[in-house]
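Take a look at the protein below. This report starts with the whole chain and then turns to a sheet, some charged pairs and a surface patch.

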Amino acid sequence: MFTRRNILACVAMSAIAVAVPAMADDLSNMPRQKVELVAPPFVHPHEQVAKDGPKVVQFTMKVEEKELVIDNEGTKLQAMTFNGSVPGPMMVVHEGDYVELTLINPETNTMPHNIDFHSATGALGGGGLTLIHPGEQVVLRWKATRPGVFVYHCAPEGMVPWHVVSGMSGTVMVLPRDGLKDEKGNSLTYDRVYYVGENDFYVPRDENGKFKTYETVGDSYADTIEVMRKLTPTHVVFNGAVGALTGEKALRAKVGEKVLIVHSQANRDTRPHLIGGHGDYVWETGKFANPPEKDLETWFIRGGSAGAALYKFLQPGVYAYVNHNLIEAFELGATAHFKVDGTWDDDLMKQVRPPEPIGAGDKLGAVDGAAAPAVH
């Protein structure tokens with residue numbers, strides 16, 4: 001009897017037999033570039049405008065099953081990760097480049113894993129060609145034909161949602177070869193880029209309402225599936241944990257800098273909002289072939305996708321960047337901070353008078369309150 005797994009295996013083997021020799025011949029003289037991935041919210045160095053023709057960009061990524069602490073109360077999650085971080089690293093290439101990924105599943109892991117690139121074409125986004133068991137590795141190459149930001153995630157048959165909500169997702173950014181453009185075709189550049197990966201976690205509780213802990217990721221499976229099926233997350237967080245991007249870990253910028261914020265959610269819809277700022281240019285669906293929207297207050301990221309927003313910071317201070325389902329932001333953890341250095345501009349905002357008893361200003365005859373200190 002043929003199962004879906006048998007069929008996928010046959011398709012995968014056929015694709016390997018036919019495609020790999022041709023690709024090897026066609027790309028044998030193409031330049032190659034090895035890139036070292038970095039953990040989010042940071043992104044590896046890259047050119048915004050391609051200086052040369054297409055190349056093969058080589059990445060290596062290791063699957064790591066590990067225990068993570070995901071909130072300030074010490075709640076532990078048996079996580080599955082790409083390269084040890086939640087989300088997995090962002091990969092940046094240009095349209096027309098080839099992504100060549102070596103995916104490693106160490107023998108110390110307990111689960112099979114693979115990778116589905118939403119930016120790739122065929123074989124379940126690569127998921128049908130990359131299934132590896134502990135102690136195995138695989139090399140996948142695909143051509144970046146569509147510019148934009150795209151999700152990737154683990155997708156082993158029968159376990160897809162569990163692997164995704166356990167931390168196994170990330171993002172690829174495929175830049176146009178001539179860089180980002182506005183709706184009129186004018187060049188757009190950024191001074192910094194940050195990657196915010198939003199995750200919903202489903203941590204089981206014991207009979208007393210306390211979060212449970214487990215020895216291995218496999219031990220957590222049955223209880224976690226039961227919580228997942230209720231569709232009510234216990235945590236909604238940025239970059240793997242409550243507070244991962246706040247306080248001392250806040251994202252840094254300076255007044256006058258243009259910051260590109262890439263935001264992904266591999267499982268649920270979300271609504272990013274920068275309190276005190278805006279999306280100057282927003283690719284809400286994350287696809288750079290489409291003109292960006294302008295001056296958005298909040299934008300919508302569909303579950304299973306990524307979006308990008310470009311903003312020039314105009315005032316110093318701490319900006320909260322949140323999922324504007326405010327319950328998820330303030331109660332479940334989906335909040336980050338931008339800490340921006342620079343000089344305050346009273347023309348954009350000024351506290352005319354500080355708090356005072358009602359009517360005090362009228363009694364004093366003050367009109368402008370120019371001497372009142374500004375609150376930043």
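## The protein as a whole

The accessible surface of the protein comes to about 18,200 Å². Carbon and sulfur atoms own 53% of that surface. Keep in mind that this is a predicted model.

The protein has 376 residues, and buried residues make up 50% of them. Its secondary structure consists of 5 helices and 21 strands. Now take the contacts with a separation of 6 or more. Of these, 74% are between residues 24 or more positions apart.

## A sheet of four strands

Strands of a sheet pair through backbone hydrogen bonds, and they can run parallel or antiparallel. One sheet here is open and has 4 strands. Their order is 14-21-20-16, and the pairing is mixed. Which strands form the edges? They are strand 14 (251-254) and strand 16 (272-274), and each pairs on one side only. From one strand to the next, the twist averages 25°.

Look at the edge formed by strand 14. Strand 14 runs parallel to strand 21 (residues 335-341), and 4 bridges join the two. Within this pairing, Arg252 stands opposite Lys339 of strand 21.

Arg252 also has a charged partner. Its side chain meets that of Asp341 in a salt bridge, at 3.3 Å from N to O. Arg252 sits in strand 14 and Asp341 in strand 21, so this pair links parts of the chain that are 89 residues apart. Are these two residues buried or partly exposed? Arg252 counts as partly exposed because its relative accessibility is 38%, between the limits of 20% and 50%. Asp341 is also at 38%, so Asp341 counts as partly exposed too.

## Charged pairs

Side chains of opposite charge can pair when their charged atoms come close. The structure holds 13 salt bridges. The table lists three of them.

| Pair | Closest N to O distance | Separation in sequence |
|---|---|---|
| Glu100 and Arg32 | 3.1 Å | 68 residues |
| Arg141 and Glu100 | 2.7 Å | 41 residues |
| Arg252 and Asp341 | 3.3 Å | 89 residues |

Glu100 appears in two of these rows. Arg32, Glu100 and Arg141 are linked in a network of salt bridges. Where do the three residues lie? Arg32 is in strand 1 (residues 32-34), and Glu100 is in strand 5 (residues 98-105). Arg141 is in strand 7 (residues 136-143), so its bridge to Glu100 ties together parts that are 41 residues apart in sequence.

How is this network placed relative to the surface? Buried means under 20% relative accessible area. Glu100 has 11%, so Glu100 is buried. Arg141 is buried as well. Arg32 has 42%, so Arg32 is partly exposed.

## A nonpolar patch

Finally, turn to the surface. Which residues make a nonpolar patch there? They are Ile275, Leu326 and Phe330, and the patch covers about 280 Å². Ile275 lies in the loop between strand 16 and strand 17 (279-283). Strand 16 is also an edge strand of the sheet described above. Patch residues need over 30% relative accessible area. Ile275 has 37%, so Ile275 is partly exposed and clears that cut-off.

Key: Residues numbered from 1 in each chain as written. Predicted model: local features only at pLDDT ≥ 70, side-chain atom pairs only at ≥ 80, totals over all residues. Heavy atoms only, no water. Pairing = 2+ DSSP bridges. Axes fitted to C-alpha atoms, helices over the stretch in contact; angles between N-to-C directions. Patch = residues over 30% accessible without salt bridge, like charges linked within 9 Å, V, L, I, M, F, W, Y side chains within 5 Å. Areas by Shrake-Rupley, 256 points an atom, 1.4 Å probe, with all protein chains shown as cover. Salt bridge = Lys/Arg side-chain N within 4 Å of Asp/Glu carboxyl O. Buried < 20%, exposed > 50% of the residue type's maximum accessible area, 1.4 Å probe, protein only. Contact = heavy atoms within 4.5 Å.
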